[in-house]
Amino acid sequence: MNTKQTDQAYVAHTYARFPVEIVSGRGSEVFDETGKRYIDLTSGIGVDAFGVADPAWIAAVTAQLGRVQHISNLFYTAPAANLAQLLCERTGMKRVFFSNSGAEANECAIKAARKYAAQTKGADTYTILTLEKSFHGRTLATLSATGQDKYHAQFQPLLPGFVHTPANDLDALKAAAETHKLAAVMMECVQGEGGVTALDPAFVQGAAAFCKANDILLIIDEVQTGNGRTGTLYAYEQFGVKPDLVTTAKGLGGGLPLGACLFGEKVQDVFQPGDHGSTSGGSPAACAGALSVLGRIDDKLLSEVRAKSAYLFEIFTGAEGIESVSGLGLMIGLKTTKPAPEILAAARERGVLALTAKEKIRLLPALNIPMEQLKEAAGIIVDCCKL
Ligand SMILES: *Cc1c(COP(=O)(O)O)cnc(C)c1O
C-alpha cells in the first residue's frame, strides 16, 4: 500500500485531506512524493512560522534534544523559564502556562476565568461569552466556546456556561451580561476558521471597557493571530486593548506542539500548585524551538510581514473572480466567485498550496516567505480565480 492507502485504512477519518503527500521541503517550498514542487501558502495552518525545515529552528531544537528532550514539569528547565520571561517582557503579561495545543491553552484560560470569578463573585458566576463564528478548539469545553453550530450538532450535551453573541454587536454583549453572570468574554481579534474576518476595533475596545468596568475578564484567543501572523507580535496590540488572558499556540512552536496561556496582572496568582497541569506542556525541546521563533519575530520581520500583506491586498483587491479580500497581516481571506475548493485544486495543479476558511480561500504563508515566491504564488491564485 502507498501512504495514501495506508492512511485511509488506519488513520481515523477526521480530516478531508488534500490528495497530496508531502515528503520534504525548505522554507516555503515543499515537495510531494513524486518530487513535484509547491509554494506553500499554508505553513501547516500557521504553525511553521519560518517555513519547513527552518535551519535556525532545527539547530535550536536539536541542541536541546541532545541535552534533555523532556523531563516533566516536576523539574525546572531553562527553555520554559526563558520562554515565559520573553513572552512576558514582550507583552507586559505576568505569567505563562504552557500547553501542547491551542485548545488546551484556551482550556487553561477558561479554568482560570472560572476560578477567578468564583473567588471574586461567587460560584454562580462562571459563564464565558464568545462570539458567533468564533473558533476556540475541539475539546468539549473549547467546542462549547466555539460559536458555530455545525461543530456542535453531534456532540451534545455540550458544557454549560457558554453564551454566544454576534461579532461587532456591543449591545448584544451587554444584554447577555444582564441575563448571564459572566466570568469572561473571549474573542479572536481576527476570526480565523470563521472566515478570516477582523473584528471592528471599536467593538473590541467597547467590549474591553465594559469588561473592565464590570470585573469580567477579557480573554483574547491569539492561537492563530499570534506570533507575528497579523503584523504585530500579537493582534490585540492593533486593537488597542489590554487583555487579562491571552492564549496562543500554532506559530509559537514553529512546528512542535506548543501552546501558551498568558496571565495579566489581575489573574497572575489565580492558579496554585495542583490547579492545572500538563505532562508534556512546555517541553524543553518545544520551548527551545519557540525561543528561536520568538527571537526572530522582531520589528524588521514584522514590517516585512506588513509589507507582504499590503502587496497581497493590492494584487487581490478587484481582481477578476475575487469578490472581497479580508484579514490582517499574512492571514488573508478571499471571497471568490468560483467555489474555493475548485480554485485550490487548480492552484495545486500549478504548484501552490492554500487553505479554506468557511466558503473562503485562506492564505497563511510562512512569515519569512521570500517575496519572489509570494509573487509567483499570488499570481497563480489570481489566475485560478479568473472566471
Ligand atoms: C487552531 C485554533 C485553535 C485550536 O488550536 P489546536 O492547536 O488545534 O488545539 C483555537 N483557537 C483558534 C483561534 C485557532 O485558530
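**A colleague's note on helix α11 and a four-stranded sheet**

1. A good place to start is the end of a helix: just after α11 comes Gly318, which has a positive phi, near 80 degrees. Please keep in mind while you look that this is a predicted model.

2. Now for the helix itself. α11 covers residues 299-316, and at 1.5 Å a residue its 18 residues should span 26 Å; the C-alpha atoms at its ends lie 26 Å apart, so expectation and model agree.

3. Which residues of α11 are buried? They are Leu301, Leu302, Val305, Lys308, Ser309, Leu312 and Phe316. Looking down the axis of α11, you will find these buried residues within an arc of 120 degrees, so they line one face of the helix. Asp299, Lys300 and Glu314, on the other side of α11, are exposed.

4. It is worth seeing what that buried face meets. The buried residues of α11 pack against two helices, α10 (284-296) and α13 (371-385), and against the strands β13 (322-328), β14 (331-336) and β17 (360-363).

5. Next, the sheet. Four strands make up an open sheet with mixed pairing, in the order β1-β2-β3-β15. β1 (22-26) and β15 (352-353) each have a single partner strand, so one side of each is left without a neighbour in the sheet.

6. For a closer look at one pair, take β1 and β2 (residues 29-32): the two run antiparallel and are joined by four bridges. Within this pair, Gly25 sits opposite Val30 of β2.

7. Finally, α13 links both topics. Besides packing with the buried residues of α11, α13 lies across β2, β3 (37-40) and β15, and runs at about 95 degrees to β3.

Definitions and conventions
Residues are numbered from 1 along each chain as its sequence is written. This is a predicted model: local features need pLDDT of at least 70, side-chain atom pairs count only at pLDDT 80 or more; totals for chains, interfaces and linings use all residues. Side-chain values use heavy atoms; hydrogens and water are left out. The expected span of a helix is 1.5 Å times one less than its number of residues. Buried means under 20% relative accessible area, exposed over 50%, partly exposed in between (1.4 Å probe, protein chains only). The arc is that of the directions from the helix axis to the C-beta atoms. Contact means heavy atoms within 4.5 Å. Two strands pair if DSSP finds at least two bridges between them. Axes are lines fitted to C-alpha atoms, for helices over the stretch in contact, and angles run from 0 to 180 degrees between N-to-C directions.
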